Amino acid sequence: AAVERGLEVLAQAPETAGSESLSQTIVALAELGIPLTDERFVKDGRTLMDRLMDYRMPDGGFCHLIGEETNQMATEQAFYAMIAVQRLEEGKSALYAMNEAE
C-alpha cells in the first residue's frame, strides 16, 4: 500500500521539480519493474525519459532546470536513470539490486 501511495504522489509531481527528480522517479520505476509507458507517468504523450531529455545539453550533459548550464549532479542522475531503464529493458537485475556481481 505504501509503494502504491508513493507512486500516486510521484505521478502527480510538478513538471518544475528539476531533472534530478525525473531521474530518481525513472530509477524508482525501473527498480519496481514498471515500464516508462505506464499511463500514470505519461503526460501529453511523453514518457518520463522523453521529458528528461529536455534537460540534455549540447555537450551531452544535463542541467538541473531548463535554461541553466550543465550540472554534474544532474548529469550523474540522468545517467543512472538511463542505465536503470536499459537494465529493465534487457531483463537484467535492477540497478541497485547488484545481485549479478560476483
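Guide: In what follows, a residue counts as buried under 20% relative accessible area, as exposed over 50%, and as partly exposed in between. The model discussed here is a predicted one.

Visitor: Is Asp44 buried or exposed?

Guide: Asp44 sits in the loop that joins α2 (19–32) to α3 (48–52). Its relative accessibility is 81%, and because the cut-off for the upper class is over 50%, Asp44 counts as exposed.

Visitor: What is the phi of Asp44?

Guide: Most residues other than glycine have a negative phi. Asp44 is not a glycine, and yet its phi is positive, at about 50 degrees.

Visitor: Which residue with a positive phi follows α2?

Guide: The backbone just after this helix has a phi near 75 degrees, a positive value, and the residue that carries it is Gly33.

That residue comes directly after the helix, so the answer to the question of which one follows α2 is Gly33.

Visitor: How far apart are the end C-alpha atoms of α2?

Guide: The helix α2 has 14 residues, and the expected span is 1.5 Å times one less than that number. This gives an expected 20 Å, and the model agrees with it, because the end C-alpha atoms of α2 are apart by 20 Å.

Visitor: Which helices do the buried residues of α2 pack against?

Guide: Several residues of α2 are buried, among them Leu22, Ile26, Val27 and Leu29. The buried residues of this helix pack against α1 (2–11), α3 and α4.

Visitor: Which residues touch the most other members of the largest nonpolar core?

Guide: This core has 23 residues, and those that touch the most other members are Ile26, Leu29 and Leu52. At least two residues of the core are supplied by each of α1, α2, α3 and α4. Leu29, leaving aside its neighbours within four places in sequence, is in contact with Leu7, Ile34, Leu36, Phe41 and Leu48. The names asked for are thus Ile26, Leu29 and Leu52.

Visitor: How many residues apart are Arg40 and Glu4, a pair that links distant parts of the chain?

Guide: The side chains of Arg40 and Glu4 meet in a salt bridge, with N to O at 3.3 Å. Arg40 belongs to the loop between α2 and α3, whereas Glu4 belongs to helix α1, and the two are apart by 36 residues.

Visitor: Which residues are linked in a network of salt bridges?

Guide: The structure holds five salt bridges. Arg40, at 32% relative accessibility, counts as partly exposed, and Glu4, at 43%, counts as partly exposed too. A network of salt bridges links these two with Asp38, and its members are Glu4, Asp38 and Arg40.

Visitor: Which helix holds both Glu8 and Arg5?

Guide: The side chains of Glu8 and Arg5 meet in a salt bridge at 3.4 Å, N to O. An α-helix has 3.6 residues a turn, so residues three or four places apart point the same way. Glu8 and Arg5 are three residues apart, about one turn of the helix, and both lie in α1.

Visitor: What accessible area do Tyr80, Tyr96 and Met98 have together?

Guide: Tyr80 lies in helix α4 (residues 72–89) and, at 39% relative accessibility, counts as partly exposed. With Tyr96 and Met98, Tyr80 forms a nonpolar patch on the surface, whose accessible area together is about 350 Å².

Definitions and conventions
Residues numbered from 1 in each chain as written. Predicted model: local features only at pLDDT ≥ 70, side-chain atom pairs only at ≥ 80, totals over all residues. Heavy atoms only, no water. Helix = DSSP H or I, 4+ residues; strand = E, 2+ residues; numbered from the N terminus. Buried < 20%, exposed > 50% of the residue type's maximum accessible area, 1.4 Å probe, protein only. Patch = residues over 30% accessible without salt bridge, like charges linked within 9 Å, V, L, I, M, F, W, Y side chains within 5 Å. Areas by Shrake-Rupley, 256 points an atom, 1.4 Å probe, with all protein chains shown as cover. Salt bridge = Lys/Arg side-chain N within 4 Å of Asp/Glu carboxyl O. Contact = heavy atoms within 4.5 Å. Core = buried A, V, L, I, M, F, W, Y, C linked by side-chain atoms within 4.5 Å.
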